[in-house]
Amino acid sequence: MITLTLEEIARAVGGTVHGASGPVTVTGPVVIDSREATDGALFAAIVGARSDGHDFADQVYAAGASAVLGSRPVGGPCVVVDDVVDALTELAVFVRDRLNPVVIGLTGSVGKTTTKDLLAQILEQNGPTVATDRSYNNEIGLPLTILRADRQTRYLVLEMGAGKPGDITHLMRVARPQLGLVLNVGPAHIMTLGGVEGVAKAKGELPRALPPAVKGGFAVLNADDERVVAMARETLAQVVFYGTGPDATVRAEDVTVDTTGHASFTLHTPSGKAPVRLGLPGEHLVANALAAAAVAGVIGVTTDRIAEALSAAVRRSPNRFQVTERADGVTIIDDAYNANPVSMRAALRTAATMAAGRRRITVFGEMTGQAEETAYHHSALGRLVGELGVEILVVVGEGEGPETLAEAARDAGVSVHAVPDRTAAADLVKELLQPADVVLVKASSEAGLSAVAAALRDPEN
Ligand SMILES: Nc1ncnc2c1ncn2[C@@H]1O[C@H](COP(=O)(O)OP(=O)(O)OP(=O)(O)O)[C@@H](O)[C@H]1O
Ligand SMILES: [Mg+2]
């Protein structure tokens, strides 16, 4: 963060300074987790359902923090405000106004974090880049990310999530990106957003909030998703399409996927073409890579350098199609971070390519958040498991989703085992495993199946 005095912070957020006997300087970082407080930090004390940040004030001062931002005085140097989250937002706006980075906002139903990680790895070659950490993509995480920027920061890559209508509009007001990217519109968060059309509307808030083309606004849109294509009509920014079709400005040709799950293709941009072999596995990453390439192209990174960075890309966020090869030839694919119908299909397909005839054990838990479409999506998934010839399916959990999935897969000729929880799942798979098997583990995050993948990664466990 840029260095600020406590008075400057108080003025920026309309708060009052307490507990400071002399001048206090905040050099950052701004944190909400007391364990992350370091020298010079500002600790934002948030009152949550389980804990009250103010209770950790002594601990953060002891760790070297300069001050606390809270809703009541805490003894040491602090700025007191009515609403800490609003104040964090105002502070982020204040800092954003004093810096002049290229800001990129990106949203979509699936692949935001993956794409953000790829884009950051391209832009870092060009200059100092600050990108969203973990999935810090909401009204708290986004200000925290902006507050990590300083005068050296050239690129600010911001993941934006939409839990309800208006969320993206709010985040766009805070971040004011010149460049926006919409990845896709799909069945994630459909309950809170009101069906897929509601999701389209919520994601459409991003291109609508971009500056016009004459002021340097660019909307990078996925040509392969009709609901995203439609957003081109709702933005004043200059539109750049990426996709797999011949009409997309940035596109992939001759896509192949090898048995390690890595995709190769020729990247075409208006300024040239270059071969790419993605550094990370997953057929679905081609779309994410093209999105990152299109944004980087707008910023002026050459096609060769984009291709090199995509080929050298490493995993930054765990449990997203994380592949482990065990000494006994067993392949464990941990994609347990999250799941929705689109990412379930993508993972199944890539796992099938990687197996190349080896036996597949698929461990699936529930896809939550599908509302009244739960049965429809789980039964379609069960059929696909059968179509792709998966030998063994382990379904974890109870209720409509898992039960429909198990039944549909059984009907499609798959050998199905239903288990109540993740411990039972790990025990069963350990029993079933034979050398050279390919195991895919995936569910919505609530199912906590990454523990199953972790137990299987290490056969001694
Ligand atoms: N383009 C894609 N198509 C299908 N699945 C994808 C795609 N990109 C990523 N995935 C898979 O979807 C899951 C979520 O990926 P990621 O974390 O990148 O998405 P996200 O949009 O950031 O999710 P969240 O809304 O939780 O922040 C992972 O299992 C990942 O492997
Ligand atoms: Mg994310």
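Which order do the strands of the open five-stranded sheet take? Keep that in mind as you open this predicted model, because we will come to the sheet after a quick look at the domains.

**Stop 1: the domains**

Colour the protein by its domain assignment, which gives domain 1 (4-83), domain 2 (99-312) and domain 3 (322-457). If you place a centre on domain 1 and another on domain 3, using C-alpha atoms, you will find 45 Å between them.

**Stop 2: the open sheet**

Now for the opening question: the order is β2-β7-β6-β5-β4, and the pairing is mixed. Select β2 (16-18) and β4 (30-31), which stand at the edges; each has a single partner strand, so one side of each has no neighbour in the sheet. From β2, step across to β7 (residues 78-80), which runs antiparallel to β2 and is joined to it by three bridges. To see the register, show His18 and, opposite it, Cys78 in β7.

While β4 is on screen, look at the loop between β3 (25-26) and β4, where Pro29 sits. Zoom in on the peptide bond between Gly28 and Pro29: it is cis, with omega at about 5°. For context, most peptide bonds are trans.

**Stop 3: ligand 1**

Next, centre the view on ligand 1. Where does it lie relative to the domains? Domain 2 (99-312) and domain 3 (322-457) both contribute residues to its shell, so ligand 1 lies between them.

There are 19 residues around the ligand, and the ones that come nearest are Lys112, Thr114, Arg320, Asp335 and Lys442. Colour the shell by class and you should get four nonpolar, 10 polar and five charged residues. Two helices, α4 (112-123) and α12 (341-355), each supply at least two residues of this shell.

Three distances are worth drawing here:

- From a polar side-chain atom of Asn288 to a nitrogen atom of ligand 1: 2.9 Å.
- From a polar side-chain atom of Glu159 to an oxygen atom of ligand 1: 3.1 Å.
- From an N or O atom in the Lys442 side chain to an oxygen atom of ligand 1: 2.8 Å.

How much of the ligand's area does the protein bury? Taken alone, ligand 1 exposes 630 Å², and the protein buries 92% of that.

**Stop 4: β18 and its two partners**

Lys442 also leads to the next selection, since strand β22 covers residues 438-442. Strand β22 runs parallel to β18, and four bridges join the two. One pair to display is Ile333 with Leu440, which stands opposite it in β22.

Then add strand β17 (residues 322-325), which pairs with β18 in the antiparallel sense, also over four bridges. Here Gln322 stands opposite Asp334 in β18. The hairpin of β17 and β18 has five residues between its strands, and one residue to check is Gly329, with a positive phi near 90°.

Are the two faces of β18 (residues 331-334) covered or uncovered? Both are covered: Thr331 and Ile333 on one side are buried, and so are Ile332 and Asp334 on the other. In a regular strand, side chains alternate between the two faces of the sheet.

**Stop 5: parallel strands in the middle of the chain**

Select β12 (residues 218-222) and β13 (residues 238-243), which run parallel and are joined by five bridges. Ala219 stands opposite Val239 in β13. Extend the selection to β14 (residues 250-257): it runs parallel to β13, with two bridges between them. The bridge partner of Gly243 in β14 is Arg251.

**Stop 6: a helix and two backbone details**

Move on to helix α11 (residues 303-312) and pick out Ala307. Ala307 is buried, at a relative accessible area of 3%. A line from its C-alpha atom to that of Lys112 spans 20 Å, although the two are 195 residues apart along the chain.

Past α11, in the loop that leads to β17, you will find Asn319. Its phi is near 60°, a positive value in a residue other than glycine. Finish at Ala371, in the loop between β19 (360-364) and α13 (374-387). Ala371 is not a glycine either, yet its phi is positive at about 50°. With 25% relative accessibility, Ala371 counts as partly exposed. As background for both, most residues other than glycine have a negative phi.

Definitions and conventions
Residues numbered from 1 in each chain as written. Chains lettered and ligands numbered in written order. Predicted model: local features only at pLDDT ≥ 70, side-chain atom pairs only at ≥ 80, totals over all residues. Heavy atoms only, no water. Near = heavy atom within 4 Å. Polar contact = N/O pair within 3.5 Å; in protein donor to acceptor, adjacent residues only side chain to side chain. Areas by Shrake-Rupley, 256 points an atom, 1.4 Å probe, with all protein chains shown as cover. Nonpolar A, V, L, I, M, F, W, Y, C, P; charged D, E, K, R; others polar. Domains from an automatic or database assignment. Buried < 20%, exposed > 50% of the residue type's maximum accessible area, 1.4 Å probe, protein only. Pairing = 2+ DSSP bridges.
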